[in-house]
Amino acid sequence: MKQALVEQIKGRDNLFEKPKNVLQGRVGNFPVYVRQGIDGTAFWKVAVYAKEGSTLPAYQMDSFLTELRSGIKKVTKTSFDGKRIEIVVRNSGKVGLQIREVLDRAVSYLAQNGYVPCCSHCGEEVPVALCSINNAMDFMCDSCYNELCNSLEDNKQELAAKKGNVVTGIVGALLGALLGGVLWVLIYQLGYIAGIAGLVAAVCALKGYEKFGGRINAVGIVVSLVIVAAVIYLAHNVAYALEIKKAVEEVWGMNPSFMDAFRSIPDFRAEFPEINAGYWKDLLIGYALTAVASFATVKTMFQNSTGSYKTGRY
Ligand SMILES: [Zn+2]
């Protein structure tokens with residue numbers, strides 16, 4: 001984090017950067033962190049940990065948050081779940097000063113309305129420390145953090161012990177991918193390259209593998225994606241055969257069967273270079289769209305498949 005920004009945000013409070021790109025500490029009584037780079041680099045997140053105290057707030061939290069959104073331009077989102085306020089701030093030139101203002105307003109609201117600092121999990125008024133669980137930050141007490149780490153570890157052990165069935169998994173992946181394949185053909189009829197159908201194929205194949213096979217691992221993910229690529233290839237050829245059938249009917253007035261049209265695809269591609277070029281172009285763009293669209297899903301499934309996790313305490 002740039003030093004000038006750090007100075008603007010911390011003001012007179014004892015905030016420090018740990019881990020990288022996260023300023024944390026106390027403002028007034030309340031645990032606070034400010035994180036740079038949410039959704040790429042476009043946003044910051046400000047979180048303040050507090051719950052209602054023994055006296056009911058004189059001024060409603062909802063009204064306060066609405067006021068915050070309209071009063072400070074760069075504030076795009078606010079929420080309160082009973083234990084933490086989260087505020088998203090758009091990144092730009094004066095962001096440091098605006099975040100400072102957000103902190104000041106939030107903390108003075110909380111103090112004036114009887115809120116007290118608390119743990120984000122048990123909600124108790126106990127000492128907390130900043131933790132990260134799979135890259136999400138939270139203030140937690142020791143026992144909540146340990147409990148969470150234990151349950152993540154249990155989940156990992158459980159997944160490792162679970163036996164999957166590759167054969168039924170493949171059947172599931174095939175069924176899922178076919179769903180996307182049908183959608184591909186339908187959308188192609190409308191004149192679009194069906195990246196969204198590729199996404200459906202990939203997600204359904206992966207879920208299908210998991211559902212039918214009991215669990216999915218790295219091998220299962222790779223097998224599912226190969227099946228998706230094959231089904232998309234098949235779907236693309238079916239879509240082309242339908243195009244050829246239509247063209248032959250319209251241009252030559254003949255009525256070829258679907259299978260004849262399907263078998264004639266190589267001839268058409270050899271005969272007409274522009275058809276061949278279009279065939280490859282649409283297929284490759286379709287593959288690329290599928291890969292881009294399903295990347296996040298594949299990544300998450302891959303992480304979930306082993307139950308691997310990353311925790312930190314700062
Ligand atoms: Zn706790």
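**Exercise 1. Determine whether Asn134 is buried or exposed, and describe its backbone setting.**

Solution. Asn134 is exposed, with 10 other C-beta atoms within 10 Å; a residue is called buried if 20 or more other C-beta atoms lie within 10 Å of its own, exposed if 12 or fewer, and partly exposed in between, the C-beta atoms being placed from the backbone. The structure is a predicted model, in which local features need pLDDT of at least 70 and side-chain atom pairs count only at pLDDT 80 or more, whereas totals for chains, interfaces and linings use all residues. Residues are numbered from 1 along each chain as its sequence is written.

Next, Asn134 is placed in the loop between E7 and E8, where strands (E, at least two residues) and helices (H or I, at least four) are DSSP runs numbered from the N terminus. Strand E7 (residues 129–133) and strand E8 (residues 136–140) pair in the antiparallel sense over 5 bridges, pairing being assigned if DSSP finds at least two bridges between two strands. Within this pair, Ser132 stands opposite Met137 in E8. The hairpin has 2 residues between its strands, and Asn134 takes a positive phi near 45° there, although Asn134 is a residue other than glycine.

**Exercise 2. Describe the backbone of the loop between E1 and E2 at Pro19 and Asn21.**

Solution. Begin with Pro19, which has its place in this loop and is joined to Lys18 by a cis peptide bond with omega of about -5°. Then turn to Asn21, found in the loop between E1 and E2, which has a positive phi of about 65° although it is not a glycine. Asn21 is exposed, with 12 other C-beta atoms within 10 Å.

**Exercise 3. Establish the strand order of the open sheet and identify its edge strands.**

Solution. The 6 strands follow the order E1-E2-E3-E4-E6-E5, with antiparallel pairing. Strand E1 (16–17) and strand E5 (75–80) are the edge strands, since each pairs on one side only. Within the sheet, strand E2 (residues 22–27) and strand E3 (residues 30–38) run antiparallel and are joined by 6 bridges, and Gly25 stands opposite Val32 in E3.

**Exercise 4. Characterise the packing of H5 and H6.**

Solution. Helix H5 (residues 166–189) packs against helix H6 (residues 195–213) at an angle of about 160°, with the axes 6 Å apart. H5 is therefore roughly antiparallel to H6, a term used for angles over 145 degrees.

Notes:
Axes are lines fitted to C-alpha atoms, for helices over the stretch in contact, and angles run from 0 to 180 degrees between N-to-C directions. Angles under 35 degrees count as roughly parallel, over 145 as roughly antiparallel, 65 to 115 as roughly perpendicular and the rest as oblique.
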